[in-house]
Amino acid sequence: MLCTTCHSTAVEVYVQEEMHLEVIAITNQKGGVGKTTTTVNLGIGLARKGKRVLLLDADPQGSLTASLGYQQPDRLETTLSTLLEKNIQDKPVLPGEGILSHLEGVDLIPGNLELSGLEASMVNVMSRETILKNYLDSQKGAYDYVLIDCMPSLGMITVNALAAADSVIIPVQAHFLPLKGMEQLIGNIQRVRRHINPSLSVRGALLTLVDNRTNFAKDISRLLRENYGRHLPIFDTEIPVSIRAAEASAVGKSIYLHDPQGKVSEAYRNLVEEVIQHEKSREQQYPVGRSR
């Protein structure tokens with residue numbers, strides 16, 4: 001005889017587990033704005049809060065992979081390109097295949113130059129925009145967060161990241177020209193939402209490399225909030241410029257280990273709290289078992 005209570009509980013756990021995975025694409029079409037540094041330190045910051053986190057390097061340059069200590073990503077046997085190629089060919093991916101563990105509690109799917117070759121070959125692939133989503137769907141229940149470090153362009157790999165994501169974080173350098181490029185980026189995100197992923201949202205723009213000693217940086221912050229704040233969420237947290245953040249990437253550590261008392265560590269801890277609070281407010285708005 002079927003136990004109705006047990007069955008109900010099992011269904012609830014399954015729904016909760018399936019809804020628990022939050023995929024965040026960290027993207028900007030301009031390079032050098034702090035995407036990789038943000039991916040590393042937001043991811044490890046979430047792990048320090050007890051979250052299960054997978055970091056995914058979707059940039060052929062392999063900057064995220066190198067920042068986590070794998071200085072020669074092109075020598076790695078299994079990378080994101082390997083897993084996506086298997087998905088294209090309908091070959092099974094083994095549990096944990098290609099996933100590397102970092103000493104600070106996050107997992108990593110590395111990326112390297114093979115992604116460039118894969119991107120070129122995806123032109124004639126059926127449902128090419130959702131290959132990454134198909135792979136990440138298999139990871140539901142294994143992680144609370146997946147953070148995708150995107151390349152600085154809107155190629156097919158980045159489109160895949162946006163198609164797979166629930167939300168986007170946009171790091172913006174505190175300078176005039178990167179701020180001016182925001183409109184093009186937002187337009188591209190809106191096109192992906194319209195044609196591929198209707199549930200994609202912008203979680204927020206994040207001001208990075210901020211030099212608070214200058215009035216110029218303060219003016220940029222004010223411009224961002226005045227010009228975009230009515231239409232685009234903007235994080236309260238601003239990430240200050242610091243050589244310590246670059247040093248941390250060079251030694252394969254987070255800023256929390258490299259400079260635990262520094263201003264960048266404090267800023268990323270604040271960013272982690274903002275992201276977690278956003279999740280809590282969403283859970284209150286959409287309790288388990290309720291459709292979104």
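This passage describes the fold of one protein chain, one helix pair and several single residues.

The model is predicted. The protein chain has 292 residues, and 49% of them count as buried. Its secondary structure comprises 13 helices and eight strands. The accessible surface amounts to about 14300 Å². Carbon and sulfur atoms hold 51% of that surface. Contacts were also sorted by sequence separation. Among contacts in the chain with a separation of 6 or more, 78% join residues 24 or more positions apart.

Helices H4 and H5 form a packed pair. H4 covers residues 80-88, and H5 covers residues 114-121. Their axes lie 9 Å apart and meet at an angle of about 25 degrees. H4 is therefore roughly parallel to H5, since angles under 35 degrees count as such. The crossing of the two helices is left-handed. On the H4 side, the contact involves Leu80, Ser81, Thr82, Leu84, Glu85 and Ile88. On the H5 side, Glu114, Leu115 and Leu118 take part. By class, five residues of this contact are nonpolar, two are polar and two are charged.

Tyr70 precedes this pair in the chain. It sits in the loop between helix H3 (63-67) and H4. Tyr70 has a relative accessible area of 25%. This value makes Tyr70 partly exposed, because that class runs between 20% and 50%. Beyond its neighbours within four places in sequence, Tyr70 touches Thr65, Leu76, Leu100, Ser101 and Leu108. Tyr70 can also be placed relative to Val251. The two residues are 181 positions apart in sequence, yet their C-alpha atoms are 9.9 Å apart in space.

Two residues with positive phi were examined next. Ser127 has a phi of about 50 degrees, although Ser127 is not a glycine. Ser127 belongs to the loop between H5 and helix H6 (131-137). Its relative accessibility is 45%, so Ser127 counts as partly exposed. Leu209 is another non-glycine residue with positive phi, here near 55 degrees. Leu209 lies in strand S7, which spans residues 201-210. With 32% relative accessibility, Leu209 is partly exposed. Thus one of these residues is in a loop, while the other is in a strand.

Thr158 was examined for its surroundings. Thr158 is part of helix H7, residues 156-164. Its relative accessibility is 2%. Thr158 is therefore buried, as the cut-off for that class is under 20%. Outside its neighbours within four places in sequence, Thr158 is in contact with Thr27, Cys150, Met151 and Ser153. Thr27 is 131 residues away from Thr158 along the chain. The C-alpha atoms of Thr27 and Thr158 are nevertheless separated by 8.3 Å.

Asp219 lies in helix H10, which runs over residues 215-228. At 34% relative accessibility, Asp219 is partly exposed. Asp219 and Ala174 are 45 residues apart along the chain. A distance of 9.0 Å separates their C-alpha atoms.

Conventions: Residues numbered from 1 in each chain as written. Predicted model: local features only at pLDDT ≥ 70, side-chain atom pairs only at ≥ 80, totals over all residues. Heavy atoms only, no water. Axes fitted to C-alpha atoms, helices over the stretch in contact; angles between N-to-C directions. Helix = DSSP H or I, 4+ residues; strand = E, 2+ residues; numbered from the N terminus. Parallel < 35°, antiparallel > 145°, perpendicular 65-115°, else oblique. Left-handed = near helix turned anticlockwise from the far one by under 90°. Contact = heavy atoms within 4.5 Å. Nonpolar A, V, L, I, M, F, W, Y, C, P; charged D, E, K, R; others polar. Buried < 20%, exposed > 50% of the residue type's maximum accessible area, 1.4 Å probe, protein only. Areas by Shrake-Rupley, 256 points an atom, 1.4 Å probe, with all protein chains shown as cover.
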